[in-house]
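Let's take a walk through this protein together, starting with the whole chain and ending with a few single residues. Have a look at the sequence and the model first.

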Amino acid sequence: MIFEKAVPKDINMLTELRIAYLQEDLGEMTEADLELIKSSLPCYYEKHINKDLLVYVARNKEDIISCAFLLIVEKPMSPSFITGKTGTVLNVYTKPEYRNKGYAKKLMSMMLEDAAAQGVSVIELKSTEDGYSLYKAVGFEDVGAKYHNMKIVLQQLVRRHHMEEKITLCGDNCIECPRYNANSEEELRNVAELWYRVGWRDCVVSNEEIRCEGCSSHKQCTYHLVECTKEHNVDKCNQCVEFPCEKIDRMLERSKEYQKRCKVVCSDAEYDMLEKAFFDKENNLRK
């Protein structure tokens with residue numbers, strides 16, 4: 001068994017180990033999250049590995065069977081971290097068939113020795129019950145603090161802000177759209193069935209076909225407005241010198257017909273959602 005730091009050629013295996021760790025720690029992830037992580041991690045590793053991210057691995061021939069990450073951050077100095085350098089331990093993971101053999105402990109010891117040599121003042125981690133004895137054995141202690149441990153999840157806030165600033169070219173509000181917000185296979189299937197009930201599709205289409213990332217990704221527009229905005233060199237219909245035009249009038253009339261149908265075939269919750277997303281076009285376009 002070889003214990004050493006990872007190198008760029010290990011990126012694919014490190015990506016697999018990170019995903020294995022997350023699946024074991026968090027349980028099932030949505031396919032959208034899984035694909036995003038798979039596609040983004042290699043670029044992250046290329047940018048950070050052996051710079052502010054130190055990765056320690058145990059190799060069994062060509063296979064990495066255990067790993068431990070240390071993310072080093074330099075902060076304004078404090079008596080609590082007098083050098084300004086702090087570390088966070090991440091992704092301590094060993095493949096199931098190699099556990100309880102001391103491999104993770106060896107990697108953690110290497111990590112702590114290197115961190116001390118680099119002037120890191122303090123290293124923090126969050127431990128599961130399974131990992132607690134390991135971290136105690138290499139010197140970590142429980143922390144009692146007068147501070148509350150708090151966080152805010154910004155992803156949805158960022159997405160909301162982005163969409164609030166970007167009503168679609170025809171006046172739809174993507175942030176309220178169940179199709180745009182669907183991530184899991186079950187959510188996409190439910191949207192496909194709803195679109196069929198309302199009449200926006202002739203059948204229940206596949207999840208891949210119903211998946212939507214906004215009008216810019218559409219190959220076809222129900223109201224032929226994507227093509228029209230391209231012809232007039234504008235991003236939205238309300239930026240056009242011909243606004244409001246006959247196409248807009250026809251779109252609004254057709255939208256009113258769909259609105260009537262939605263009142264009949266949708267539940268109250270479904271209708272409320274679709275009303276916010278699609279049936280305030282005129283007001284959105286005039287903002």
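Look at who touches whom along the chain: among contacts with a separation of 6 or more, 62% are between residues 24 or more positions apart. Keep in mind that this is a predicted model. The protein chain has 287 residues, and 38% of them count as buried.

What about the overall dimensions? A compact globule of 287 residues would have a radius of gyration near 19 Å, while this protein chain comes out at 26 Å. Draw a box around its C-alpha atoms along the principal axes and you get roughly 70 × 45 × 40 Å. As for the outside, the accessible surface is about 18,400 Å², and carbon and sulfur atoms make up 50% of that. The chain also carries 41 positive and 48 negative charges, and the mean positions of the two sets are 2 Å apart.

Now for the building blocks. The chain folds into twelve helices and five strands. Let's follow some of the strands. Strand β2 covers residues 53-60 and strand β3 covers residues 63-74; the two run antiparallel and are joined by eight bridges. If you want a spot to find this pairing, look at L53, which sits opposite L71 in β3. Two residues lie between β2 and β3, making a hairpin, and K61 in the turn has a positive phi of about 60°.

On its other pairing, β3 meets β4, again antiparallel and with eight bridges. Here V73 is the residue to look for, standing opposite T86 in β4.

Stay with β4 for a moment, since N91 belongs to this strand, which spans residues 85-94. N91 is not a glycine, yet its phi is positive, about 55°. Is N91 buried or exposed? Its relative accessibility is 2%, so N91 counts as buried, the limit being under 20%.

There is another asparagine to visit, N233, in the loop between α9 and α10. N233 has a positive phi too, near 60°, and is likewise a residue other than glycine. With 70% relative accessibility, however, N233 counts as exposed, because exposed means over 50%.

That loop has one more thing to show. Helix α9 takes up residues 225-231 and α10 residues 246-265, and P244 is placed in the loop between them. Which kind of peptide bond joins F243 and P244? The bond is cis, with omega at about -10°.

Technical notes:
Residues numbered from 1 in each chain as written. Predicted model: local features only at pLDDT ≥ 70, side-chain atom pairs only at ≥ 80, totals over all residues. Heavy atoms only, no water. Helix = DSSP H or I, 4+ residues; strand = E, 2+ residues; numbered from the N terminus. Rg over C-alpha atoms; globule rule 2.2 N^0.38 Å. Buried < 20%, exposed > 50% of the residue type's maximum accessible area, 1.4 Å probe, protein only. Contact = heavy atoms within 4.5 Å. Areas by Shrake-Rupley, 256 points an atom, 1.4 Å probe, with all protein chains shown as cover. Lys, Arg positive; Asp, Glu negative; His and termini not counted. Charge placed at Lys NZ, Arg CZ, Asp CG, Glu CD. Pairing = 2+ DSSP bridges.
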